[in-house]
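Good morning, and thank you for the time on today's agenda. I should like to take you through one protein model, beginning with its overall architecture and ending with a few individual residues.

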Amino acid sequence: QVQLVESGGGLVQAGDSLRLSCAASGRTFSSYAMGWFRQAPGKERVFVSAISIGGSNRYYADSMKGRFTISRDNTKSTVYLQMNSLKPEDTAVYYCAADPNSDSWYRRFQRSDEYLYWGQGTQVTVAS
């Protein structure tokens with residue numbers, strides 16, 4: 001089992017940047033593919049970005065491409081989400097998630113039900 005704790009959220013102005021972190025503890029972090037999802041008030045949780053175990057494969061939702069960058073440091077058991085050029089529509093609670101099933105992850109990384117472990121979320125609010 002792995003425990004995930006997100007941090008780095010906050011209130012920013014449109015056009016600003018934030019870097020979210022997700023620190024993992026428990027079983028070996030490097031054996032999990034990781035994902036970021038977000039959930040705005042009254043809306044479903046949606047895929048933001050994902051990264052493979054070794055970090056060589058990275059995926060983004062279309063609306064985040066070019067603005068967000070996912071990375072991981074397996075020596076620190078941490079995954080990051082660098083968010084640039086933030087927009088008011090990026091306002092949401094951001095969650096990180098871990099997936100131990102590397103085989104299915106490549107086909108299902110956008111699905112929240114693919115991930116087994118979740119953090120508690122961190123609020124990101126972008127003011128216009």
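I shall go from the whole chain to the strands, and then to selected serines.

Please bear in mind throughout that this is a predicted model.

Let me begin with the fold. The protein contains eleven strands and one helix. Read from the N terminus, the order is β-β-β-β-β-β-β-β-β-α-β-β, with the helix placed after nine strands and followed by two more.

How does the radius of gyration fit a compact globule? For 128 residues, such a globule would be expected to have a value near 14 Å, and the protein has 14 Å, so the two agree. Along the principal axes, the C-alpha atoms occupy a box of roughly 40 × 25 × 25 Å.

On packing, 45% of the 128 residues are buried. Among contacts with a separation of 6 or more, 59% join residues that are 24 or more positions apart. The accessible surface amounts to about 6300 Å², and carbon and sulfur atoms contribute 45% of that area. As to charge, there are 14 positive and 11 negative side chains, and the centres of these two sets are 2 Å apart.

I turn now to the strands around β5. Strand β5 spans residues 45-51 and is mostly covered, with five of its seven residues buried. It pairs with β4, residues 33-39, in the antiparallel sense through six bridges. Within this pairing, Phe37 has Phe47 of β5 as its bridge partner. Five residues lie between the strands of this hairpin, and Gly42 there adopts a positive phi near 75°.

Strand β5 also pairs with β6, residues 58-60, again in the antiparallel sense, this time over three bridges. Here Ile51 stands opposite Arg58 of β6. The hairpin of β5 and β6 has six residues between its strands, and Gly55 takes a positive phi near 90°.

Which residue in the loop between β5 and β6 merits a further look? I have chosen Ser52, which is located in that loop. Ser52 has a relative accessible area of 1% and therefore counts as buried. Leaving aside residues up to four places away in sequence, Ser52 touches Ala33, Asn57, Arg72, Trp105 and Tyr106. In the case of Tyr106, the separation is 54 residues in sequence, while the C-alpha atoms are 8.2 Å apart in space.

A second serine, Ser21, belongs to strand β3, residues 18-26. Is Ser21 buried or exposed? Its relative accessibility is 16%, and buried means under 20%, so Ser21 counts as buried. Beyond residues up to four places away in sequence, its contacts are Val5, Glu6, Ser7, Trp36, Thr78, Val79 and Tyr80.

Finally, some remarks on backbone geometry. Most residues other than glycine have a negative phi. Ser77, although not a glycine, has a positive phi of about 50°. Ser77 sits in the loop that connects β7, residues 68-73, with β8, residues 78-83. Ser85 is likewise not a glycine and has a positive phi of about 50°. Its place is the loop between β8 and β9, the latter covering residues 92-99. With a relative accessibility of 41%, Ser85 counts as partly exposed.

That concludes my presentation, and I welcome your comments.

Notes: Residues numbered from 1 in each chain as written. Predicted model: local features only at pLDDT ≥ 70, side-chain atom pairs only at ≥ 80, totals over all residues. Heavy atoms only, no water. Helix = DSSP H or I, 4+ residues; strand = E, 2+ residues; numbered from the N terminus. Rg over C-alpha atoms; globule rule 2.2 N^0.38 Å. Buried < 20%, exposed > 50% of the residue type's maximum accessible area, 1.4 Å probe, protein only. Contact = heavy atoms within 4.5 Å. Areas by Shrake-Rupley, 256 points an atom, 1.4 Å probe, with all protein chains shown as cover. Lys, Arg positive; Asp, Glu negative; His and termini not counted. Charge placed at Lys NZ, Arg CZ, Asp CG, Glu CD. Pairing = 2+ DSSP bridges.
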